[in-house]
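The paragraphs below go through one structure, from the chain as a whole to single residues. Please keep the sequence and the 3D view open while reading.

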Amino acid sequence: MNSYILYGITIVLLILSFYKDKKKTKMSLKKAWKSFENILPEFMVVILIVGLLLAILNPETISKVIGAESGWLGVILSAVIGAITLIPAFVAFPTAALLLNNGAGYTQIAAFVSTLMMVGIVTLPVEFKYFGKKLSISRNLLAFVFSFLVAYLMGMVVTL
């Protein structure tokens, strides 16, 4: 239901924008389409990988490995996977929702998403170039540790 409301508001605002300035609205729609075209390959690859994993792994396996019962071992595993994975946020959150729906635990998913967003093992060479090794490693280590705090707090909030 909320999706329909948001789509409706978006359409109304798009019509208002088109009425106010056709040229800018057309230009923004073209830019949006280009962004969509650029993002689509990454999005499709991640969706394909997640789809394959969900087809191979049943919910019981996911629950066992990164479910609530997996405890801190599952949190650590999720955090490590998130730290070394490079996917954009718009893909990370639907992926997290899919994993939650298939048996993953909230604490484990919080660790996965927070390390995914804050820790960049794959991007370290770029960080080294611009920020230096010491700052880059310090930032990533602090972000990794902070992710466990986030995961713990999320686990506490969800269980209330």
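Along the sequence, the protein chain follows the pattern α-α-α-α-α-α-α-α. That is eight helices and zero strands. Helices (H or I, at least four residues) and strands (E, at least two) are DSSP runs, numbered from the N terminus. This is a predicted model, in which local features need pLDDT of at least 70 and side-chain atom pairs count only at pLDDT 80 or more, while totals for chains, interfaces and linings use all residues. Residues are numbered from 1 along each chain as its sequence is written, and side-chain values use heavy atoms, with hydrogens and water left out.

Consider the overall dimensions next. The C-alpha atoms of the protein chain fill a box of roughly 55 × 45 × 35 Å along the principal axes. The radius of gyration of the protein chain is 19 Å, whereas a compact globule of 160 residues would have one near 15 Å. The radius is taken over C-alpha atoms, and the globule rule is 2.2 Å times the number of residues to the power 0.38.

The protein chain exposes about 11,300 Å², and carbon and sulfur atoms supply 75% of this area. Accessible areas come from the Shrake-Rupley method with a 1.4 Å probe; for residues, only the protein chains shown count as cover. Of the 160 residues in the protein chain, 27% are buried. Buried means under 20% relative accessible area, exposed means over 50%, and partly exposed lies in between (1.4 Å probe, protein chains only).

Contacts and charges complete the overview. Among contacts in the protein chain with a separation of 6 or more, 73% are between residues 24 or more positions apart; contact means heavy atoms within 4.5 Å. The protein chain has 13 positive and 6 negative charges, and the mean positions of the two sets are 16 Å apart. Lys and Arg count as positive and Asp and Glu as negative, while His and the chain ends are not counted. The place of a charge is taken as NZ of Lys, CZ of Arg, CG of Asp or CD of Glu.

Some of these charged side chains pair up. A salt bridge is a side-chain nitrogen of Lys or Arg within 4 Å of a carboxyl oxygen of Asp or Glu, and by this rule there are two salt bridges. One joins Lys34 to Glu37, with the closest N and O atoms 3.9 Å apart. Both residues lie in helix α2 (residues 22–56), three residues apart, about one turn of the helix. Lys34 counts as exposed because its relative accessibility is 53%, and Glu37 counts as partly exposed because its value is 38%.

The other salt bridge is between the side chains of Glu127 and Arg139, at 2.8 Å from N to O. Glu127 lies in helix α7 (residues 124–131) and Arg139 in helix α8 (residues 133–158), so the pair ties together parts that are twelve residues apart in sequence. With a relative accessible area of 9%, Glu127 is buried, whereas Arg139 is partly exposed at 34%.

Helix α3 (residues 59–66) includes Val65, and Ser63 is also found in helix α3. Ser63 is buried, with a relative accessible area of 18%, whereas Val65 is partly exposed at 40%. Not counting residues up to four places away in sequence, Val65 touches Ser70, Gly74 and Leu77. With neighbours within four places likewise left aside, Ser63 is in contact with Ala68, Glu69, Asn102 and Gly103. Val65 and Ala104 are 39 residues apart in sequence, and their C-alpha atoms are 8.0 Å apart in space.

Where does Thr115 lie? Its place is in helix α6 (residues 106–118). Thr115 is buried, with a relative accessible area of 0%. Beyond its neighbours within four places in sequence, Thr115 is in contact with Ser78, Ala79, Gly82, Ala83, Phe144 and Ser147. The C-alpha atoms of Thr115 and Ser78 are separated by 8.6 Å, with the two positions 37 residues apart along the chain counted as their separation.

Ser147 also belongs to a pair with Ile47: the two are 100 residues apart in sequence and 24 Å apart in space, C-alpha to C-alpha. Ile47 is found in helix α2 and is partly exposed, at 32% relative accessibility. Finally, Thr85 sits in the loop between α4 (71–84) and α5 (89–101) and is partly exposed at 25%.
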